[in-house]
Amino acid sequence: MSATAVFPGLELDLDAIQDQLTPEAARVILALKSSPKAQVRYEDLATRCREGHLTDTEQLELDQIAKPNTLVGLLKVRAHGVLHPVQ
């Protein structure tokens with residue numbers, strides 16, 4: 001999945017970002033995580049979404065949480081590649 005697929009109109013070249021990451025910056029990216037409160041809310045919304053029990057407002061909230069989480073996940077994959085390159 002590309003960053004553009006998550007955020008249409010966002011021209012973000014993850015390969016170029018990975019090429020510029022230092023090991024220190026990669027470790028900082030890998031350490032990023034949601035607060036416990038935000039994680040609990042996300043899990044609640046995701047569970048209720050799978051069960052088909054979200055209001056339109058809650059679906060919007062879930063989308064607003066999921067998109068940045070996906071982008072951070074994509075960045076973490078690149079950061080991992082900096083610290084553990086495939087030979």
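**View 1. Contacts of Leu-75 in the predicted model.** Leu-75 touches Leu-14, Ile-17 and Ile-29, with residues up to four places away in sequence left out of the count. The model shown here is predicted. Leu-75 belongs to helix α5, which spans residues 56-83. How exposed is Leu-75? The residue is partly exposed, because its relative accessible area is 21% and the buried class requires a value under 20%. A further pair to inspect is Leu-75 with Asp-15: 60 residues separate them in sequence, yet their C-alpha atoms lie 9.9 Å apart in space.

**View 2. Helix α4 against helix α5.** Helix α4 covers residues 36-50. Its axis lies 10 Å from that of α5, and the two helices pack at an angle of about 120 degrees. Are α4 and α5 perpendicular or oblique to each other? They are oblique, because roughly perpendicular ends at 115 degrees and roughly antiparallel begins over 145. The crossing of α4 past α5 is left-handed.

**View 3. Residues at the α4-α5 contact.** From α4, the contributing residues are Arg-41, Tyr-42, Leu-45, Ala-46, Arg-48 and Cys-49. From α5, they meet Glu-58, Gln-59, Glu-61, Leu-62, Ile-65, Ala-66 and Asn-69. Sorted by class, this contact holds 7 nonpolar, 2 polar and 4 charged residues.

**View 4. Surroundings of Glu-58.** Glu-58 sits in helix α5. Is Glu-58 buried or exposed? Glu-58 is buried, because its relative accessible area is 15%, and the cut-off for buried is under 20%. Which residues does Glu-58 contact, leaving aside neighbours within four places in sequence? They are Arg-41, Leu-45, Arg-48 and His-53. Arg-41, Leu-45 and Arg-48 also appear among the α4 residues that meet α5.

**View 5. The protein as the setting for these close-ups.** The protein has 5 helices and 0 strands. From the N terminus on, its elements follow the order α-α-α-α-α. The protein has 87 residues, of which 17% are buried. Glu-58 is one of the buried residues. About 6,300 Å² of the protein is exposed, and carbon and sulfur atoms account for 58% of that area. Of the contacts between residues at least 6 apart in sequence, 66% link residues at least 24 apart. The contact of Leu-75 with Leu-14 can be viewed in this setting.

Terms used:
Residues are numbered from 1 along each chain as its sequence is written. This is a predicted model: local features need pLDDT of at least 70, side-chain atom pairs count only at pLDDT 80 or more; totals for chains, interfaces and linings use all residues. Side-chain values use heavy atoms; hydrogens and water are left out. Helices (H or I, at least four residues) and strands (E, at least two) are DSSP runs, numbered from the N terminus. Buried means under 20% relative accessible area, exposed over 50%, partly exposed in between (1.4 Å probe, protein chains only). Contact means heavy atoms within 4.5 Å. Accessible areas come from the Shrake-Rupley method with a 1.4 Å probe; for residues, only the protein chains shown count as cover. Axes are lines fitted to C-alpha atoms, for helices over the stretch in contact, and angles run from 0 to 180 degrees between N-to-C directions. Angles under 35 degrees count as roughly parallel, over 145 as roughly antiparallel, 65 to 115 as roughly perpendicular and the rest as oblique. A crossing is left-handed if the near helix is turned anticlockwise from the far one by less than a right angle, and right-handed if clockwise. Ala, Val, Leu, Ile, Met, Phe, Trp, Tyr, Cys and Pro count as nonpolar, Asp, Glu, Lys and Arg as charged, and the others, Gly among them, as polar.
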